[in-house]
Amino acid sequence: MRAVVMGAGSWGTATAKVLVDAGTDTTIWARRPELADRINSDHTNVDYLPGITLPDQLVATSSIPDALTGADVVVCAVPSQSLRANLTDWLPHVTPETTYVSLAKGVETSTLLRMSEVIAEVSGVPAGQVAVLSGPNLAREVAEGQPAATVIACTDDGRARELQHSFNTGYFRPYTNTDVVGCEIGGAVKNVIALACGMASGVGFGQNTLATIITRGLAETIRLGVAVGAQIETLAGLAGIGDLVATCSSPLSRNRTFGARLGEGLSLTEAQEATHGQVAEGVKSCTSVRALADKFDVEMPLTDAVHQVCHGGLSVADAISSLLGRSTKPEIYE
């Protein structure tokens with residue numbers, strides 16, 4: 001099996017390293033030729049994973065045809081809102097039998113489609129040819145070889161098990177699941193909740209507050225997930241609460257770090273500058289997740305508050321006051 005990882009950011013690079021360590025013939029595509037050259041010559045990606053030595057067997061290229069020609073598995077490692085445009089460019093070089101694996105965590109703003117749906121729509125392949133990889137997988141820790149588990153979700157269980165073998169290493173343990181919807185909803189919402197946790201941390205709140213946000217964030221995730229067809233068991237597993245806890249708790253999380261800058265009083269532009277010009281995925285996802293919740297008439301107050309802070313001009317302090325001022329209700333309600 002030959003795999004290609006399309007995207008050389010931190011998670012794309014870490015995933016490529018996992019594939020090589022699992023014995024899978026792997027190429028990584030980098031948009032910038034100088035980055036591809038550096039990976040090939042120095043076996044490092046100092047832009048996204050400084051200090052990590054990449055396997056000698058990992059081949060990098062900036063040529064889309066060279067990367068995709070003959071690939072059995074295409075791992076999509078670009079941001080969710082740019083996935084459709086990238087896929088359109090890639091498609092002429094991909095065979096109809098190719099398996100796609102999505103690493104992107106989000107909901108497309110213009111269509112409210114999940115990433116696997118975007119891939120299926122653009123490529124024309126059946127849903128069973130598209131898998132999703134999601135779990136508590138902070139890129140640097142995975143790249144360092146620290147023990148971690150993940151979920152490979154695909155409606156075609158046999159295909160999921162084939163991919164499981166291709167990603168399985170001594171430190172990275174993949175589990176299979178057929179609930180693609182649950183894995184994708186868990187991955188999309190957790191970025192938004194991580195922003196909320198970061199905001200609370202930036203204001204100076206402690207562990208009680210963070211635990212509250214994580215727990216109530218999980219409740220929002222489950223409500224939305226069930227409404228769109230996810231299984232609760234998935235959201236209680238690695239791709240749900242596992243990913244949520246890791247992203248909300250770790251300073252390695254871009255979403256939590258970005259939220260903390262906002263909580264400290266920085267504007268959206270200032271927070272972007274403070275995080276090396278990178279916008280956290282949740283900043284864009286909060287809008288599409290909120291719209292998806294409105295479509296299915298699901299109440300998501302934390303998501304709404306994050307959206308108002310990021311795009312509605314609401315201050316973090318006013319967002320907190322608004323959340324605390326909501327009417328009291330049972331913990332579990334329909």
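A residue counts as buried when its relative accessible area is under 20%, as exposed when that area is over 50%, and as partly exposed in between. This cut-off is applied below to a predicted model, in which salt bridges, helix packing and one buried strand residue are described in turn.

Side chains of opposite charge can pair when their charged atoms come close. A search of the whole structure gives 17 salt bridges, and several of these are described here together with the exposure of their partners. In the pair formed by Glu299 and Lys329, the closest N and O atoms are 3.5 Å apart. Because Glu299 lies in the loop between α14 and α15, while Lys329 belongs to the segment after α16 (316-324), this salt bridge ties together parts that are 30 residues apart in sequence. Lys329 has a relative accessible area of 37% and is therefore partly exposed, and Glu299, with a value of 33%, is likewise partly exposed.

A salt bridge also links the side chains of Asp304 and Arg290, with an N to O distance of 2.5 Å. Here Asp304 is part of helix α15 (residues 301-311) and Arg290 is part of helix α14 (residues 281-295), so that the pair connects parts lying 14 residues apart in sequence. Asp304 is partly exposed, its relative accessible area being 29%, and Arg290 is also partly exposed, at 25%.

In the salt bridge between Glu117 and Arg114, the closest N and O atoms are separated by 3.2 Å. Glu117, at 30% relative accessibility, is classed as partly exposed, whereas Arg114 is buried, because its relative accessible area of 14% falls under the 20% limit.

Two packed helices are described by the angle between their axes and the distance between the axes. For helix α8 (residues 180-203) and helix α11 (residues 238-249), the axes come within 9 Å and cross at roughly 25°. Since angles under 35 degrees count as roughly parallel, α8 is described as roughly parallel to α11. The crossing of α8 past α11 is right-handed. On the α8 side, the contact is made by Cys183, Gly186, Gly187, Lys190, Asn191, Ile193, Ala194 and Cys197, and on the α11 side by Ala239, Asp243, Leu244, Thr247 and Cys248. When these residues are sorted by class, the contact of α8 with α11 has 7 nonpolar, 4 polar and 2 charged residues.

Some of the residues of this contact, among them Cys183 and Gly187 of α8 and Ala239 and Asp243 of α11, also appear in the surroundings of Ser134. Ser134 is found in strand β6 (residues 130-134), and with a relative accessible area of 2% it is buried. When its neighbours within four places in sequence are left aside, Ser134 is in contact with Lys105, Thr150, Val151, Cys183, Gly187, Ala239 and Asp243.

A second helix pair is formed by helix α9 (residues 207-228) and α15, which pack at an angle of about 105° with their axes 8 Å apart. As angles of 65 to 115 degrees count as roughly perpendicular, α9 and α15 are therefore described as roughly perpendicular to each other. The residues making this contact are Ile213, Arg216, Gly217, Glu220 and Arg223 of α9, together with Pro301, Leu302 and Thr303 of α15. By class, the contact of α9 with α15 has 3 nonpolar, 2 polar and 3 charged residues.

Methods: Residues numbered from 1 in each chain as written. Predicted model: local features only at pLDDT ≥ 70, side-chain atom pairs only at ≥ 80, totals over all residues. Heavy atoms only, no water. Salt bridge = Lys/Arg side-chain N within 4 Å of Asp/Glu carboxyl O. Buried < 20%, exposed > 50% of the residue type's maximum accessible area, 1.4 Å probe, protein only. Helix = DSSP H or I, 4+ residues; strand = E, 2+ residues; numbered from the N terminus. Axes fitted to C-alpha atoms, helices over the stretch in contact; angles between N-to-C directions. Parallel < 35°, antiparallel > 145°, perpendicular 65-115°, else oblique. Left-handed = near helix turned anticlockwise from the far one by under 90°. Contact = heavy atoms within 4.5 Å. Nonpolar A, V, L, I, M, F, W, Y, C, P; charged D, E, K, R; others polar.
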